[in-house]
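Colleague: I should be grateful for a close look at a single part of this model, namely its nonpolar interior. Please treat the surroundings of that part as well, where they bear on it.

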Amino acid sequence: MSSSAGGGIRKLYPGEMAESVYAYDFDGALKKGIKGVLFDIDNTLVPHDAPADDRARALMEELRARGLSLGLVSNNHEPRVKSFSEACGGLDYVFLSHKPKPDAYLRLCRKLGLSASQVIFFGDQLFTDIWGANNAGIHSILVEPIDKSTDIPRIKLKRQLEKPILCLYKKRFFL
Ligand SMILES: [Mg+2]
């Protein structure tokens, strides 16, 4: 692989991989000075198009109690994102966010009064979530999709395209 190709692909590499938002070391993030957490919703917090469940609500409550500012960055439509936010006690959000463009991430950071370097972002897809957070200069964390069987066809296809990139990433960082 040429170095220029490597440079391009690296924009798709997550800053970090985690099994789940529900098993993440938020204490560690707080110790590093993180003040805010942004989330994708579908297959990051709940299955695609599923409403907020007890686990999601409890996580938001816990993070809020630790003083973290929270936000949702979703490419889904407003009714879906708004109702999810309300079920979690009212989180700031951006719907139809046009990830991987960085604008929505940065708009949400401004709304929370934080800089890109003070927040972390969780998502389950490379070509939207991770690429977008990287474009915004936000630490990106790729999580395992909650339930891949709920993916819409467009996302199922993208997961196939993600495979070779994740393979390169894992070779680069874990072998
Ligand atoms: Mg997703």
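Which residues have the most contacts inside the largest nonpolar core, and how many residues does that core have?

Modeller: The model is a predicted one. Its largest nonpolar core has 29 residues, and Phe39, Phe84, Ile120 and Phe122 are those with the most contacts inside that core. Helices and strands both supply the core: α2 (26-31), α3 (54-65) and α4 (78-87) each give two or more residues, as do the strands β2 (36-39), β3 (69-73), β5 (119-123) and β6 (139-143). Helix α3 provides the largest share, four residues. A second, separate core has 15 residues, including Leu38, Val94, Val119 and Phe121. As a general background, nonpolar side chains in soluble globular proteins tend to be buried together.

Phe122 merits separate attention. Leaving aside residues up to four places away in sequence, Phe122 touches Val21, Tyr24, Phe26, Val37, Leu38, Phe39, Asp40, Thr44, Ile141 and Val143. Two of these partners link Phe122 to other parts of this account: Leu38 belongs to the second core, and Asp40 is a ligand of the magnesium ion.

The metal site may therefore be described next, with burial taken as under 20% relative accessible area. The magnesium ion is coordinated by Asp40 (OD), Asp42 (O) and Asp124 (OD), at 2.1 to 2.2 Å. Along the sequence, these donor residues follow the spacing D-x1-D-x81-D. Asp40 counts as buried because its relative accessibility is 5%. Asp42, with a relative accessible area of 9%, is buried too.

Backbone geometry in the loop between β2 and α3 also deserves inspection. Asn43 lies in that loop and has a positive phi of about 65 degrees, although it is not a glycine. Asn43 counts as buried, because its relative accessibility is 0%. Asp49 is found in the loop between β2 and α3 as well, and this non-glycine residue likewise has a positive phi of about 65 degrees. With a relative accessible area of 48%, however, Asp49 is partly exposed.

One further backbone feature is a cis peptide bond joining Lys99 and Pro100, with omega at about 15 degrees. Pro100 is located in the loop between β4 (92-94) and α5 (103-112). These backbone features may be set against the general rule that most residues other than glycine have a negative phi, and that most peptide bonds are trans.

How values were computed:
Residues are numbered from 1 along each chain as its sequence is written. This is a predicted model: local features need pLDDT of at least 70, side-chain atom pairs count only at pLDDT 80 or more; totals for chains, interfaces and linings use all residues. Side-chain values use heavy atoms; hydrogens and water are left out. Donors are N, O and S atoms within 2.8 Å of the metal (3.2 Å for Na, K and Ca); water is not among the atoms, so sites may look incomplete. Buried means under 20% relative accessible area, exposed over 50%, partly exposed in between (1.4 Å probe, protein chains only). A nonpolar core is a set of buried Ala, Val, Leu, Ile, Met, Phe, Trp, Tyr and Cys residues joined through side-chain atoms within 4.5 Å. Contact means heavy atoms within 4.5 Å.
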